[in-house]
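The following paragraphs go through one chain, from its overall form to its cores and its charged pairs. Keep the model open while reading.

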Amino acid sequence: MKTRHDSTKIQTIVIGGGQAGLTTGYFLAKRGLPFLILDANQHVGDAWRQRWDSLRLFTPARYAGLPGMRFPARGDSFPTKNHLADYLVEYARHFHLPIRNGVRVERLWRENGRFLISAGRERFEAENVIVAMANYQVPRIPEFTRELRPDIVQLHSQDYRNPSQLQEGGVLVVGVGNSGADIAIEVAQSHPTWISGKESGHIPWAIETFIARNFLIRLVRFVGHHILAVKTPIGRKLRPKMLHRPAPLIRVKPKDLIKVGIENVVRVIGVKDGFPLLADGRVSEVQNVIWCTGFERGFPWIDLPIWDSQGDPIHENGIVTAVPGMYFVGLHFLYSMTSATLTGVGRDAERVVKALASRRQPFASTSAHRMHPMEMQSLEGAVAETTDAR
């Protein structure tokens, strides 16, 4: 049995086994580089499978595939979250990607020019580390929630699955982002529903019309993928603002909320008599509160001097120049507006792996994955037969 002080040496560690980590693994494997993916979830795809039951992608299936493998659905359909989770499982299996599930990284630091990673009783040592995940991981919930009456059902959007989790009575959905709007539409079918906050804009067309599925999505993808990028003047100008700006409503529109009887109320500022207190002085006497208030920024487990004044990692297209061997994939606007999406993550992963491959690698791995010739043949054949998501 390993002790806490035993280290497994791996040339490259990828932290995160979602779409960003799997895509990064694809490009590492394609180059025959030794690597291991660590993921806190028990199974590949869990990050999607554990979201609310009715969730569907905003992107048609033709743009939902990762590099090397098409998404197995009609091109203009909108996959469910379980369909995507199944796809990620098959992607990892098809390309024989080495993944250790159930391994939650607790600390990442650097000693003597090498990265050290602690995860429970396990410890890993690597020449390169790629953090392949978004920097929004911990649910953000106001401090005053503990003052609400104990008989009020409270859920964060991360824990919401379906209306069966709610009790009879009104529901206050806090947050008018995409999660809040989607969830509010669903719970309004069975509960009186209010939604608190102000929307940050919305896409002015229905995304499921024929024109939107087949033409407008191409325009939006082109702008987000090529125009709103760090290589363009407008992309560089807008990036600082867009890094922390909520996304506009995509599928649900404000008129859709009104149509099903949802009342939009002002923001929640505290608690009065055990109920949510609104900014206009009203008290929302509901029996359920769903906090669609997003997630805290940052990676508190990364113990390295790579942060700017706002707590964001300092990098150039995912490459941390201040700490050689450190990389990011999957961050919002890492290179473009599509960087954190299925559409854009492949381009960023390929660029990062290319930069990593150019580094001198001082030691070999004691437990790593290097492509078997048959696996490489399968990989190259899949690339030839399918369309890259880039």
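Helices and strands are taken here as DSSP runs, helices being H or I runs of at least four residues and strands E runs of at least two, numbered from the N terminus. The model is predicted. By that definition the chain has nine helices and 16 strands. The radius of gyration is 22 Å, close to the 21 Å given by the globule rule for 390 residues, so the chain is as compact as a globular protein of that length. Along the principal axes, the C-alpha atoms fill a box of roughly 65 × 50 × 40 Å.

Two further totals describe how the chain is packed. Of its 390 residues, 49% count as buried. Among contacts between residues at least 6 apart in sequence, 67% join residues at least 24 apart. The exposed area of the chain is about 18,500 Å², of which carbon and sulfur atoms supply 54%.

The interior comes next. In soluble globular proteins, nonpolar side chains tend to be buried together. In this chain the largest nonpolar core has 57 residues, and Y91 and I290 have the most contacts inside it. Elements that give two or more residues to this core include the helices α1 (19-30), α3 (81-94) and α4 (178-187), together with α8. Strands on that list are β6 (122-132), β9 (171-174) and β16 (326-329). A second core, separate from this one, has 29 residues, among them I13, V129, V131 and I306.

I290 shows what the surroundings of a core residue look like. Not counting residues up to four places away in sequence, I290 touches L155, Y160, L166, V171, L172, V173, V174, I183 and V187. Strand β14 covers residues 288-291 and contains N288. N288 counts as buried because its relative accessibility is 0%, and the cut-off for buried is under 20%. The C-alpha atoms of N288 and V171 are separated by 4.7 Å, although the two residues are 117 apart along the chain. V171 is also one of the residues that N288 touches, again leaving out residues up to four places away; others include I152, V153, L166, Q167 and H191.

Another buried position lies in a loop. L334 is located between β16 and α8, and with 1% relative accessibility it counts as buried. L334 and L243 are 91 residues apart in sequence, with their C-alpha atoms 9.1 Å apart in space. Beyond its neighbours within four places, L334 is in contact with V230, R239, H315, N317, G318, F328, V329, S339 and D348.

D348 leads to the charged side chains. Side chains of opposite charge can pair when their charged atoms come close. Counted as a side-chain nitrogen of Lys or Arg within 4 Å of a carboxyl oxygen of Asp or Glu, there are 17 salt bridges. In one of them, R351 and D348 meet with an N to O distance of 3.2 Å. Both residues lie in helix α8 (residues 345-357), three residues apart, which is about one turn of the helix. R351 is partly exposed at 23% relative accessible area, whereas D348 counts as buried at 0%.

The pair R149 and D151 has its closest N and O atoms 2.8 Å apart. R149 is partly exposed, with a relative accessible area of 32%, and D151 is partly exposed too, at 36%.

R213 brings several kinds of contact together. Its place is in helix α5 (residues 210-227), and at 16% relative accessible area R213 is buried. R213 forms a salt bridge with E208, whose closest N and O atoms are 3.8 Å apart from one another across the pair. E208 itself is partly exposed, with a relative accessible area of 29%. The pair belongs to a network of salt bridges that links R56, E208, R213 and R251. The side chain of R213 also reaches the backbone oxygen of D76, at 2.5 Å. Apart from neighbours within four places in sequence, R213 is in contact with P60, R62, R74, D76, S77, F78, I207 and E208.

How values were computed: Residues numbered from 1 in each chain as written. Predicted model: local features only at pLDDT ≥ 70, side-chain atom pairs only at ≥ 80, totals over all residues. Heavy atoms only, no water. Buried < 20%, exposed > 50% of the residue type's maximum accessible area, 1.4 Å probe, protein only. Polar contact = N/O pair within 3.5 Å; in protein donor to acceptor, adjacent residues only side chain to side chain. Contact = heavy atoms within 4.5 Å. Rg over C-alpha atoms; globule rule 2.2 N^0.38 Å. Areas by Shrake-Rupley, 256 points an atom, 1.4 Å probe, with all protein chains shown as cover. Core = buried A, V, L, I, M, F, W, Y, C linked by side-chain atoms within 4.5 Å.
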